[in-house]
2 protein chains.
Amino acid sequence: MPFIELAALAEMQRVPGFHGRFIHTENVTFSYWRIEKNALLPSHRHPHEQITVVIEGKLELTVDGETRVLERGQNGSGPPTIAVIPPNGEHGGKALTGCVVIDVFYPVREDYRSVAR
Amino acid sequence: MPFIELAALAEMQRVPGFHGRFIHTENVTFSYWRIEKNALLPSHRHPHEQITVVIEGKLELTVDGETRVLERGQNGSGPPTIAVIPPNGEHGGKALTGCVVIDVFYPVREDYRSVAR
């Protein structure tokens, strides 16, 4: 089954206001997040590499002490700024608006397997 | 440098009409594609796992003989359908409209390293 409808997967609230859908391949976890305005991501770290892309909205993200507001490019279009979080990089943030965000992790987030494939 | 401005990276045209920007981490290649309407992706395969997400537009994609039109959810919003292409899965397609598409590869696409980091 090469095609997966995200809309058919259950959402899982990992942190208050962060509603995620997850796809796990052999090596990678793909996450699609719907984030409520003003939701806070407490600062944390994990051994996985992480790539974060904002598709909609504005997400303030701090990685290893550096802070940036991520959004979908100038005036809402154009290529966005991407966060590349290294293994064990400390990161946290706040949704300045409602957001849609994609995260990619390597290796698989085994702790995200429990709810939805 | 945990933040990378995609807009500052050079676009690389890998296939006519497919303009990509690439970020390589230790293990993963992240690609952000601007695709011209009617551009064709010839059927091909590679040993990398691939995840494909359409952010804008409509991309017809065939993976291992199964065809789907990928787009950004119903009425252009909501969670999209994701393609998960297994190692050596044959895939090709056509941009039915102008598209913005994200691909994630594991392991790194060494053949994409040549132009932009």
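Me: The radius of gyration is taken here over C-alpha atoms, in a model that is predicted. Why does the value for chain A agree with that of a compact globule?

Reply: The globule rule takes 2.2 Å times the number of residues to the power 0.38. For 117 residues, this gives a radius of gyration near 13 Å for a compact globule, and chain A agrees because its own value is 14 Å.

Me: Along the principal axes, what box do the C-alpha atoms of chain A fill, and what percentage of its residues count as buried?

Reply: Taken along the principal axes, the box is roughly 35 × 30 × 25 Å. A residue counts as buried if 20 or more other C-beta atoms lie within 10 Å of its own. Among the 117 residues of chain A, the buried share is 39%.

Me: How many helices and how many strands are there in chain A?

Reply: Read from the N terminus on, the elements of chain A are written as β-β-β-β-β-β-β-β-β-β-β. The count is therefore zero helices and eleven strands.

Me: Which are the edge strands of the open sheet with the order β5-β10-β7-β8 in chain A?

Reply: This open sheet has four strands with antiparallel pairing, and an edge strand is one that pairs on one side only. In chain A that description fits β5 (40–44) and β8 (66–70).

Me: Which residue stands opposite A:His44?

Reply: Strands of a sheet pair through backbone hydrogen bonds, either parallel or antiparallel. In chain A, β5 and β10 (residues 91–95) run antiparallel and are joined by three bridges. Opposite A:His44, in β10(A), stands A:His91.

Technical notes:
Residues are numbered from 1 along each chain as its sequence is written. Chains are lettered from A and ligands numbered from 1 in the order in which they are written. This is a predicted model: local features need pLDDT of at least 70, side-chain atom pairs count only at pLDDT 80 or more; totals for chains, interfaces and linings use all residues. Helices (H or I, at least four residues) and strands (E, at least two) are DSSP runs, numbered from the N terminus. A residue is buried if 20 or more other C-beta atoms lie within 10 Å of its own, exposed if 12 or fewer, and partly exposed in between; C-beta atoms are placed from the backbone. Two strands pair if DSSP finds at least two bridges between them.
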